[in-house]
Amino acid sequence: MDMTWTTQQRSEVMGLSAIVAGQGRPVLLLHGVGLKAEAWAAQIAMLSTSFKVVAPDMYGHGESPCPSQPLAMEDYVLATLEVLAGFDQRALVAGHSMGAMIALELAFRAPEKISAVAALNAVFERSPEASAAVKARAGSLDGIAVPEPEPTLQRWFGTAPSPERAACETWLRAVDPMGYRWAYEAFAHATGPSRSALTGLQCPALFATGALERNSTPNMSRGMAALAPRGQAMIVQGAAHMMPMTHADKVNAALLHLAQEGWS
């Protein structure tokens, strides 16, 4: 595995395992289903030179505990609200995929704690066909064995090998099967941000996805950005679902600009 994606030291933050790096104003990074905090390694390396970065493992992922009962999106939101509450300054919050749904919910619920929000590869108003497909994938999980990751990897990367694809394969094969099931079911049944919530979002907000993304589509990001008063859309050419890993330079530049806008 490429050195960029190797396991980093953890700290305990409000009951979650987290990578904590740097000093300064806080940045909270929230990963997606089946992954762990190292999915943000390229962002942690850049942002931690100027800010205090906290990247938790969600429940049942990485080194965070896996509850023994089903979790809803609300449970993941409440856990990250506790992390956010522990900051003594307003934070930049960025989420990827399911993490983007959580990040937006934090911005809706605790606007006084957030300087800006980035929703990367976020879902908004899935089509009936897309909703049925993701629910079918969730329904196939038994919590006993992790599913063969190749179909997921093909959606995310295609078939060409890369260090990023190899890292994600390692994480998907190692994830707690029950933790993966609970998170995927929560993600599949969550509807994403409401139009009314987006129109009330007052902080700077970035909605970014890859031009090749088939699930969190460019039109979804454009639609959310159009509703948010201070929203902006970014569509990264050549990128698909794992844009923070595969197109880190573009994502890092956008997050740095967003941080500066939020704290100006």
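**Notebook: pocket, cavities and cores**

I began with the lining of the largest pocket: by class it has 13 nonpolar, seven polar and three charged residues. I note here that this is a predicted model.

**Entry 1, the pocket.** I looked up the space in the largest pocket and found about 290 Å³. Its lining comes to 23 residues. Nearest the centre I listed Arg137, Arg155, Tyr184, Phe187 and Asn215. Next I asked which helices each supply at least two residues of this lining. I found H4 (128–139), H5 (150–157) and H7 (177–189). H4 gives the most, with four residues.

**Entry 2, the cavities.** How many cavities of 30 Å³ or more are there? I counted two.

I took the largest cavity, which has a volume of about 90 Å³. Its lining includes Leu16, His31, Asp57, Tyr76, Gly99 and Ile102. Helix H2 (73–85) and H3 each give two or more residues to that lining. H2 has the largest share, three residues. By class I noted eight nonpolar, three polar and one charged.

Then I turned to the second largest cavity, with a volume of about 40 Å³. I wrote down its lining: His31, Gly32, Leu35, Ala39, Trp40, His96, Met242 and Pro244. Five of these are nonpolar, three are polar and none is charged. I spotted His31 in the lining of the largest cavity and again in that of the second largest.

**Entry 3, the cores.** In soluble globular proteins, nonpolar side chains tend to be buried together. I went looking for such groups here. The largest nonpolar core has 70 residues. Leu84, Met98, Leu106 and Phe207 have the most contacts inside it. Helix H3 (residues 98–109) gives the most to this core, with eight residues. I also found a second, separate core of 27 residues, with Ile19, Ala37, Trp40 and Ala259 among them. Trp40 also lines the second largest cavity.

I picked Leu84 for a closer look. What does leucine 84 touch, leaving aside neighbours within four places in sequence? I listed contacts with Leu28, Ala91, Val93, Leu106, Ala110, Lys113 and Ile114.

**Entry 4, helix H3.** H3 has 12 residues and reaches 17 Å from its first C-alpha to its last. That is close to the 16 Å expected at 1.5 Å a residue. Why call H3 largely enclosed by the rest of the structure? Nine of its 12 residues are buried, so the description fits. I listed the buried ones: Met98, Gly99, Ala100, Met101, Ile102, Ala103, Leu104, Leu106 and Ala107. Of these, I had already met Gly99 and Ile102 in the lining of the largest cavity.

Conventions:
Residues are numbered from 1 along each chain as its sequence is written. This is a predicted model: local features need pLDDT of at least 70, side-chain atom pairs count only at pLDDT 80 or more; totals for chains, interfaces and linings use all residues. Side-chain values use heavy atoms; hydrogens and water are left out. A nonpolar core is a set of buried Ala, Val, Leu, Ile, Met, Phe, Trp, Tyr and Cys residues joined through side-chain atoms within 4.5 Å. Buried means under 20% relative accessible area, exposed over 50%, partly exposed in between (1.4 Å probe, protein chains only). Contact means heavy atoms within 4.5 Å. The expected span of a helix is 1.5 Å times one less than its number of residues. On a 1 Å grid over the protein atoms alone, a cavity is a set of points where a 1.4 Å probe fits but cannot get out, and a pocket is an open set with protein on both sides within 12 Å along at least five of seven lines; lining residues have an atom within 4 Å of a point. Grid points are joined across faces, edges and corners, and a volume is the space filled by probe spheres set on the points. Ala, Val, Leu, Ile, Met, Phe, Trp, Tyr, Cys and Pro count as nonpolar, Asp, Glu, Lys and Arg as charged, and the others, Gly among them, as polar.
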